[in-house]
Every structure is written in structure tokens, then in C-alpha cells.
Amino acid sequence: MQYAYLGKSGLKVSRLCLGTMNFGPATDEKEAFRIMDAALDAGIQFFDTANIYGWGQNSGLTETIIGRWFAQGGGRREKVVLATKVHGDMHDPADGPNGAVGLSAYKIRRHLEGSLRRLQTDHIELYQMHHIDRHVSWDELWGAFELAVAQGKIGYVGSSNFAGWQIAEAQVKAQNRHFLGLVAEQHKYNLNCRLPELEVLPAAQAMGLGVIPWSPLDGGMLGRNALKMLEGTRSGRNPQKIEKHRDQLEAFADLCNELGEPQDNVALAWLMTHPAVTAPIIGPRTLEQLESSLRVIDIKLDEAVLKRLDEIFPGPGGEAPEAYAW
């Protein structure tokens with residue numbers, strides 16, 4: 001496994017991040033335990049989750065599964081760089097109107113305590129805002145996060161789904177308070193979704209954030225089984241999208257066949273070539289899927305291959321503002 005600093009922090013994380021969104025809804029606890037054990041054995045020590053995973057009335061289920069895995073001991077908790085998120089509705093009647101989607105100092109305090117309880121830990125390395133809340137000031141947000149850091153309940157703060165200008169604003173406000181600010185932005189970024197290259201990735205690099213791409217396979221569309229549209233797979237549930245991009249996906253499959261690598265691993269390896277990217281999130285449903293993804297670390301894409309990928313999946317091109325100003 002390879003490791004990299006997370007943004008401007010001194011924290012090193014594995015260059016593959018284990019996403020746990022499937023734990024509970026799609027992957028039972030026993031298999032989730034096997035996946036997490038195998039990830040650690042392979043050197044993946046960066047685990048990502050969110051308080052709402054499990055979804056709806058089952059929100060919190062994924063954190064609970066991870067907490068029970070930690071409780072087995074054996075140094076599991078000590079070895080993991082743990083990331084979770086706050087923003088969504090946990091469907092807790094005690095939250096009242098303050099449980100709705102969003103952020104506030106009140107909600108951050110309550111939902112952080114809930115995550116710590118479910119995860120059976122006293123601290124979280126990376127606590128991420130799952131989305132921006134336009135109704136809350138940065139003074140309120142940074143005040144809440146500063147307190148959590150001072151209490152030792154979180155180590156670092158991250159964002160997710162932020163615009164480039166919001167990242168810049170957050171960092172300026174943090175700097176004015178003599179606070180470290182954001183160290184990571186978790187963002188949708190993949191071969192078929194390259195718009196972040198214009199604003200978000202440059203902002204992250206300039207402001208000291210490591211980018212953690214989510215949906216690196218675009219909902220399975222960049223996976224090895226996309227064109228087969230197998231029943232039960234994510235790509236199989238979206239045949240219209242597959243047909244819309246069939247020519248691109250067939251060209252991508254041909255290139256990957258030439259390379260002797262499956263599409264999903266090439267898509268992940270491509271992400272890791274961008275200097276802003278720290279670790280794409282892999283979200284295996286099975287142990288076999290995890291084991292297949294480990295090969296990504298060893299894949300090297302040369303300039304000729306990168307050029308062909310640009311031709312198949314052209315990005316927005318150029319830099320902002322020139323790309324859209326003229």
C-alpha cells in the first residue's frame with residue numbers, strides 16, 4: 001500500500017479509502033467484518049462512513065456495524081484513520097426541528113456524540129460536513145468544530161460536496177480565527193464527471209485540502225460489468241444511462257482490454273494520477289471486490305493511455321475562468 005499526507009495536515013492515510021456505505025443495506029455484518037479485516041491486512045487504514053448510512057429509519061446502522069467491529073479489539077480501532085460525516089437527518093425524535101438536514105452548533109454537538117457512541121470510540125480522526133448549510137455562519141461552524149477539537153473528540157475537519165468558492169471562504173474564515181480549517185474535500189469525481197477540474201480541484205490544491213473522490217466508478221457505469229447491465233448491480237439499475245454513453249463505454253472497454261486490466265481498476269488508477277487526489281473511495285459489497293481493487297496501486301498509466309482516456313472522456317478543458325469566459 002502507498003500512503004500520502006491528507007491535505008496540509010501531518011496525517012498520513014492510505015491511497016485507497018475504504019467506503020462503508022454498503023455495510024448494512026447491501027452487505028451483512030459478517031461480510032463487512034471480513035472486508036474491514038482484509039482491508040487492514042492489505043494496508044488500507046483510511047475508513048470512511050457517515051452517520052446517515054443505513055438510510056432512513058436505519059440511519060446509523062453502518063456506524064454501529066463498524067463500532068462492533070472495533071469492539072473486537074486486536075488493535076482494530078488504533079490502526080484505523082476514521083472519517084465520518086454530519087449533515088443529514090438521523091430521524092431522532094429528540095432532535096425535534098433541529099434534526100432536519102443541515103448544520104448548526106447544536107446539531108454538530110448532538111450528532112457527534114451519537115456517532116461516537118455508535119462507533120464505540122472516543123474520537124474521530126476526520127469529521128466531515130456532508131454538505132454545505134447556507135443558513136449557518138462560518139463563525140458558528142468553526143466555533144463548534146474548534147470546541148470538538150479542543151475536547152479531543154475530533155482531530156481534523158473536512159468538507160464534502162462543496163463548491164470551490166465555499167472551500168476558499170471556509171479557509172479564509174478559519175485563518176482569521178487562527179484555526180487549521182479544512183484538510184479534505186470529499187467530492188464526486190470520475191472519468192465521466194470531470195467538472196470539478198475547473199474549480200473544486202484547483203481550490204483544494206491552493207487551500208491545502210486533499211481530495212477524496214466519491215463515486216469513482218460513476219455508480220457502476222465505469223465498472224467491468226457496466227455493459228452487461230447485470231441484474232442486481234448498480235449499472236443494471238440504470239440502463240438508459242448506459243445506452244446514452246454506450247460508445248464511450250465500449251471504447252473504454254477496448255482500451256482496458258488492451259491494457260489487460262478491468263475498467264474499474266483503470267478508472268481508479270486514473271483518479272490517482274491527479275495531484276489533488278489523496279485517495280479515491282472504494283465501496284466493496286464483497287470481499288472479492290475489495291481484493292480486486294487492491295491491484296489499483298500497482299497500475300501505472302503512461303501519457304499515451306492518459307491521452308486516450310481524455311479522448312474517450314473529455315473533461316471541461318483548460319482552466320477557470322478562461323474555460324468559460326471566452
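How many nonpolar, polar and charged residues are there in the lining of the second largest pocket? Before getting to that, keep in mind that what you have on screen is a predicted model. Now the answer: by class, this lining holds four nonpolar, two polar and four charged residues.

Let's stay with that pocket for a moment. The space inside the second largest pocket comes to about 190 Å³. If you want to pick out its walls, select Tyr189, Arg194, Glu197, Trp270, Leu271, Thr273, His274, Glu303, Leu306 and Asp310. Two helices, α10 (263-271) and α12 (303-312), each bring at least two residues to this lining. The largest share belongs to α12, with three residues.

While you're looking at α12, follow the chain onward. Between α12 and α13 (322-325) there is a loop, and Pro321 sits in it. The peptide bond leading from Ala320 into Pro321 is cis, its omega being near 5°.

Next, the sheet. In general, the strands of a sheet pair through backbone hydrogen bonds, and they can do so in a parallel or an antiparallel way. Here, eight strands make an open sheet with parallel pairing, and reading across you meet them in the order β9-β8-β7-β6-β5-β4-β3-β10. At the edges are β9 (210-214) and β10 (281-282), each of which pairs on one side only.

Zoom in on one pair from that sheet. Strand β4 (residues 46-48) runs parallel to strand β5 (residues 81-86), and three bridges join the two. Take Phe46 as a starting point: its bridge partner in β5 is Val81. Helix α4 (residues 105-119) packs on the sheet, where it touches β5, β6 (124-129) and β7 (154-160). The direction of α4 makes about 135° with that of β6.

Helix α4 also has a helical partner to look at. How do α2 and α4 sit relative to each other? The axes of helix α2 (residues 61-70) and α4 come within 7 Å and cross at roughly 45°. That crossing is why α2 and α4 count as oblique to each other. On the α2 side, the residues in the contact are Glu63, Thr64, Ile66, Gly67 and Phe70, and they meet Ser115, Arg118 and Leu119 in α4. Sorted by class, this contact has three nonpolar, three polar and two charged residues.

Strand β7, one of those touched by α4, leads to another backbone detail. In the loop between β7 and α6 (164-176) you'll find Asn161. Asn161 is not a glycine, yet its phi is positive, at about 65°.

Last stop: the enclosed space. As a rule, rolling a probe the size of a water molecule over the atoms shows where empty space is left. In this model, one cavity of 30 Å³ or more turns up. The largest cavity holds about 40 Å³ of space. Around it are Met221, Leu222, Gly223, Ala226, Leu227, Leu249, Phe252 and Gln263. Which classes make up this lining? For the largest cavity, the tally is six nonpolar, two polar and no charged residues. Set that beside the lining of the second largest pocket, with its four charged residues.

Conventions: Residues are numbered from 1 along each chain as its sequence is written. This is a predicted model: local features need pLDDT of at least 70, side-chain atom pairs count only at pLDDT 80 or more; totals for chains, interfaces and linings use all residues. Side-chain values use heavy atoms; hydrogens and water are left out. On a 1 Å grid over the protein atoms alone, a cavity is a set of points where a 1.4 Å probe fits but cannot get out, and a pocket is an open set with protein on both sides within 12 Å along at least five of seven lines; lining residues have an atom within 4 Å of a point. Grid points are joined across faces, edges and corners, and a volume is the space filled by probe spheres set on the points. Helices (H or I, at least four residues) and strands (E, at least two) are DSSP runs, numbered from the N terminus. Ala, Val, Leu, Ile, Met, Phe, Trp, Tyr, Cys and Pro count as nonpolar, Asp, Glu, Lys and Arg as charged, and the others, Gly among them, as polar. Two strands pair if DSSP finds at least two bridges between them. Contact means heavy atoms within 4.5 Å. Axes are lines fitted to C-alpha atoms, for helices over the stretch in contact, and angles run from 0 to 180 degrees between N-to-C directions. Angles under 35 degrees count as roughly parallel, over 145 as roughly antiparallel, 65 to 115 as roughly perpendicular and the rest as oblique.
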